[in-house]
Amino acid sequence: MQPDTIVLQCSALGKAYGPKQALKNFTASFSAGRITGLLGPNGSGKTTLLKLAAGLLTPTSGSITVCGQAPGVWTKQRTAYLPDRPCLPQGLRVSQAAALFADFYADFDPAKATALLAELGLAQNEPVSGLSKGSREKLQLALTMSRSASLYLLDEPLGGVDPAARSCILDTIIRNYSESAAMLISTHLIGDLEPVLDDLVMLREGQLYLSGSAEELREEHGKSIDAIFREVF
């Protein structure tokens, strides 16, 4: 996929959970070759947006497409989603978790996964249940980034890990990200993530509050993205 090709398109997108409107009239597009920071306080709609893009939720209103198709079986083959909570069965070993991904995803690269796991210091025979929170984050990230997807959706990949692990995780993301794909990263740790962002989308109470090029927004406001976020929220 060529850079600047629209991968994810949202048009007047809405999602309600009963009476609660989690996402309201959200319109935005996300292109290949761009890393977008998805920013906002808890309850602003970030995880809901990622789950809609991953095909795990269905919209209440509006539309969403991945590579021109509504989320479904076809788009799930092209979307790599990293949830904000552990999702791997605790009874597996690291090597078995990689084998599970290889069974599920045709675009999974076992050789790349083996190299990434070694770089991140994860032993193949280590039980998932015995890993620290930071190591579980590294494991899930390594498996997610070992796919050749068109859309990467990372929900709080830096959450709950120490600063040294954050640096390692960010380095893994950047070195293994393909410019033929679009990437959305939800985070509260804006200062850590800001150096790698091309664009940002800021949500407030389920609605789009601010969006644009990270560089242009810094120039326009005369301050960092982290400072803009703190000023708003």
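**Exercise 1. Find how confident the predictor is in this chain, and where its confidence is lowest and highest.**

Solution. The mean pLDDT of the protein chain is 92, and 99% of its residues reach 70 or more; these values belong to a predicted model. Going on to the individual elements, confidence is lowest in α6, where the mean is 83, and it is highest in strand β4, residues 61-66, at 98.

**Exercise 2. Describe the overall build of the protein chain, and decide what its radius of gyration says when set beside that of a compact globule.**

Solution. Begin with the secondary structure, which comes to nine helices and nine strands. Next, take the extent of the chain: along the principal axes, its C-alpha atoms fill a box of roughly 50 × 40 × 40 Å. A compact globule with 233 residues would have a radius of gyration near 17 Å, and because the protein chain has 17 Å, the two agree. Then turn to the contacts with a separation of 6 or more, of which 70% are accounted for by residues 24 or more positions apart. Finally, consider burial and surface: buried residues make up 48% of the 233 residues, while the chain exposes about 10500 Å², with carbon and sulfur atoms supplying 49% of that area.

**Exercise 3. Work out which elements supply the largest nonpolar core, and which residues L139 is in contact with.**

Solution. In soluble globular proteins, nonpolar side chains tend to be buried together. Here the largest nonpolar core has 38 residues, and those with the most contacts inside it are L139, L143 and M183. At least two residues of this core come from each of β5 (79-82), α3 (94-104), α4 (110-119), α5 (133-145), β6 (151-155), α6 (163-176) and β7 (182-186). The element that gives the most to this core is α5, with five residues. Once its neighbours within four places in sequence are left aside, L139 is in contact with L88, V94, L117, L122, V128 and L131. Apart from this core lies another, of 24 residues, among them V7, C10, A54 and L153.

**Exercise 4. Establish which residues of α3 are buried, and explain why they line one face of the helix.**

Solution. The buried residues of α3 are V94, A97, A98 and F101. Seen down the axis of α3, these buried residues fall within an arc of 100°, so they line one face of the helix. An α-helix has 3.6 residues a turn, so residues three or four places apart point the same way. As a last step, look for what covers the buried residues of α3, which includes α4 and α5.

Key:
Residues are numbered from 1 along each chain as its sequence is written. This is a predicted model: local features need pLDDT of at least 70, side-chain atom pairs count only at pLDDT 80 or more; totals for chains, interfaces and linings use all residues. Side-chain values use heavy atoms; hydrogens and water are left out. A nonpolar core is a set of buried Ala, Val, Leu, Ile, Met, Phe, Trp, Tyr and Cys residues joined through side-chain atoms within 4.5 Å. Buried means under 20% relative accessible area, exposed over 50%, partly exposed in between (1.4 Å probe, protein chains only). Helices (H or I, at least four residues) and strands (E, at least two) are DSSP runs, numbered from the N terminus. Contact means heavy atoms within 4.5 Å. pLDDT is the predictor's confidence in each residue, from 0 to 100. The arc is that of the directions from the helix axis to the C-beta atoms. The radius of gyration is taken over C-alpha atoms; the globule rule is 2.2 Å times the number of residues to the power 0.38. Accessible areas come from the Shrake-Rupley method with a 1.4 Å probe; for residues, only the protein chains shown count as cover.
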